[in-house]
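This briefing concerns a predicted model. The points are grouped by topic.

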Amino acid sequence: MLILDDFGLEPLGASERKELLEVLEDRYGSGATVVTSQLEPKDWHAVIGEPTLADAILDRLWCTTPIGSSSRARRCATLAGI
């Protein structure tokens, strides 16, 4: 299990975004990831920064729940604020 505690206290820099994406890609589908934050998930894009990497990071965090493919798509969209 990976725990990201107090996510979003400060904006991520370019190298931090890439490292976080790499860690999440390596873990994708193989282990639990818990994120705590004082921010609403809809505000995480701004903290992550670069939109393409933010989408990739958030997809790996939110869109791996075993709730079914159609429900999953709706849940991901809701969590992403779209």
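At 34% relative accessibility, Asp 6 falls in the partly exposed class, because that class lies between the buried limit of 20% and the exposed limit of 50%. The notes below continue with the backbone at Asp 6, then turn to the helix packing and the nonpolar core.

**Asp 6**
- Asp 6 is located in the loop that connects strand E1 (2-4) and H1.
- Phi of Asp 6 is near 60°, which is a positive value in a residue other than glycine.

**Packing of H1 and H3**
- Helix H1 (residues 14-27) packs with helix H3 (residues 51-62) at an angle of about 30°, and their axes are 10 Å apart.
- H1 is therefore roughly parallel to H3, since angles under 35 degrees are classed in this way.
- The two helices, H1 and H3, make a left-handed crossing.
- On the H1 side, Arg 17, Lys 18, Leu 20, Leu 21, Leu 24 and Glu 25 take part in the contact; on the H3 side, Leu 53, Ala 56, Ile 57, Arg 60 and Leu 61 do so.
- Of the residues in this contact of H1 with H3, seven are nonpolar and four are charged, with no polar ones.

**Nonpolar core**
- The largest nonpolar core comprises 15 residues, and those with the most contacts inside it are Phe 7, Leu 20, Trp 44, Ile 48, Ile 57, Leu 58 and Leu 61.
- At least two residues of this core come from each of H1, helix H2 (44-48) and H3.
- H3 makes the greatest contribution to this core, with seven residues.
- Leaving aside residues up to four places away in sequence, Leu 61 touches Leu 24, Thr 33, Val 35 and Trp 44.

Definitions and conventions. Residues are numbered from 1 along each chain as its sequence is written. This is a predicted model: local features need pLDDT of at least 70, side-chain atom pairs count only at pLDDT 80 or more; totals for chains, interfaces and linings use all residues. Side-chain values use heavy atoms; hydrogens and water are left out. Axes are lines fitted to C-alpha atoms, for helices over the stretch in contact, and angles run from 0 to 180 degrees between N-to-C directions. Helices (H or I, at least four residues) and strands (E, at least two) are DSSP runs, numbered from the N terminus. Angles under 35 degrees count as roughly parallel, over 145 as roughly antiparallel, 65 to 115 as roughly perpendicular and the rest as oblique. A crossing is left-handed if the near helix is turned anticlockwise from the far one by less than a right angle, and right-handed if clockwise. Contact means heavy atoms within 4.5 Å. Ala, Val, Leu, Ile, Met, Phe, Trp, Tyr, Cys and Pro count as nonpolar, Asp, Glu, Lys and Arg as charged, and the others, Gly among them, as polar. A nonpolar core is a set of buried Ala, Val, Leu, Ile, Met, Phe, Trp, Tyr and Cys residues joined through side-chain atoms within 4.5 Å. Buried means under 20% relative accessible area, exposed over 50%, partly exposed in between (1.4 Å probe, protein chains only).
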